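Open the model in your viewer and keep the selection panel at hand. The tour goes stop by stop.

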Amino acid sequence: VQLQASGGGLVQAGGSLRLSCAASGRTFSSVAMGWFRQAPGKEREFVAAISWSGGSTYYVDSVKGRFTISRDNAKNTVYLLMNSLKPEDTAVYYCAAGAVLNVNPVHYHSWGQGTLVTVSS
């Protein structure tokens, strides 16, 4: 699976963005998808993940209630809707594909190139 993330940009605190991750390949509907982020000087961290069917989702505590992960298997695309953005959400966001929904990045075998989200205060 090859992944292409998009949708990042500059937004004021309290604003919203929707990230998209388009996948190529016929196996998209059989893989779990995750979003990770990496802020300057920090390690990559898990943000959200969704099972292959979309029936299960999981979020890091810091984004619960603000971010929503979803997928459209007909369009080979996974989304991350980010509301009530905070300056601490500033990071490069990466989408990733893996065999099962997991918070550990080592379980994801394909990664997108990343899209920068900057939240100004």
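The stops below cover a sheet, the nonpolar cores and the salt bridges of this predicted model.

**Stop 1: the four-stranded sheet**

Select E1, E3, E8 and E7. They form an open sheet of four strands in the order E1-E3-E8-E7, and the pairing is antiparallel. Look at the edges: E1 and E7 each pair on one side only. Neighbouring strands are turned by 15° against each other on average, direction ignored.

Start at the E1 edge. Five bridges hold E1 and E3 together in the antiparallel sense. Pick Gln-2 and you will find Ser-24 of E3 as its bridge partner. Then pick Ser-6, which faces Ser-20 in E3.

Step across to E8. E3 and E8 run antiparallel and are joined by six bridges. Use Leu-19 as a marker here: Leu-80 in E8 stands opposite.

**Stop 2: the nonpolar cores**

Keep Leu-80 selected and add Met-33, Trp-35, Met-82 and Tyr-93. These five have the most contacts inside the largest nonpolar core, which has 29 residues. Which strands each supply at least two residues of this core? Colour E1 (2-6), E3 (17-24), E4 (32-38), E5 (45-50), E7 (67-72), E8 (77-82), E9 (91-98) and E11 (115-120) to see them.

Another core, of five residues, lies apart from that one. Select Phe-36, Phe-46, Ala-96 and Tyr-108, which are among its members.

**Stop 3: Arg-66 and its surroundings**

Go to the loop between E6 (57-59) and E7, where Arg-66 is found. Is this arginine buried or exposed? Arg-66 has a relative accessible area of 9%, so it counts as buried.

Show what surrounds the residue. Beyond residues up to four places away in sequence, Arg-66 touches Leu-81, Met-82, Asn-83, Ser-84, Leu-85, Lys-86 and Asp-89. Met-82 is also one of the residues with the most contacts inside the largest core. Now draw a distance within the loop region: a polar atom of the Arg-66 side chain lies 2.9 Å from the backbone oxygen of Ser-62.

**Stop 4: the salt bridges**

Side chains of opposite charge can pair when their charged atoms come close. How many salt bridges does the model have? The count comes to four. Three of the pairs make good selections.

- Asp-61 and Lys-64. Their closest N and O atoms are 3.0 Å apart. Asp-61 is exposed, at 60% relative accessibility. Lys-64 is partly exposed, at 46%.
- Arg-66 and Asp-89. The side chains meet at 2.7 Å, N to O. Because Arg-66 lies in the loop between E6 and E7 and Asp-89 in the loop between E8 and E9, the pair ties together parts that are 23 residues apart in sequence. Asp-89 is buried, with a relative accessible area of 1%.
- Arg-37 and Glu-45. The closest N and O atoms are 2.6 Å apart. Arg-37 is buried, with a relative accessible area of 5%. Glu-45 is partly exposed, at 32%.

**Last stop: the network**

Select Arg-37, Glu-45, Arg-66 and Asp-89 together. Salt bridges that share partners join these four residues into one network. Leave the selection on screen and turn the view to follow the links from Arg-37 to Glu-45 and from Arg-66 to Asp-89.

Terms used:
Residues are numbered from 1 along each chain as its sequence is written. This is a predicted model: local features need pLDDT of at least 70, side-chain atom pairs count only at pLDDT 80 or more; totals for chains, interfaces and linings use all residues. Side-chain values use heavy atoms; hydrogens and water are left out. A nonpolar core is a set of buried Ala, Val, Leu, Ile, Met, Phe, Trp, Tyr and Cys residues joined through side-chain atoms within 4.5 Å. Buried means under 20% relative accessible area, exposed over 50%, partly exposed in between (1.4 Å probe, protein chains only). Two strands pair if DSSP finds at least two bridges between them. A polar contact is a pair of N or O atoms within 3.5 Å; within protein, one must be able to donate a hydrogen and the other to accept it, and residues adjacent in sequence count only if both atoms are side-chain atoms. Contact means heavy atoms within 4.5 Å. Axes are lines fitted to C-alpha atoms, for helices over the stretch in contact, and angles run from 0 to 180 degrees between N-to-C directions.
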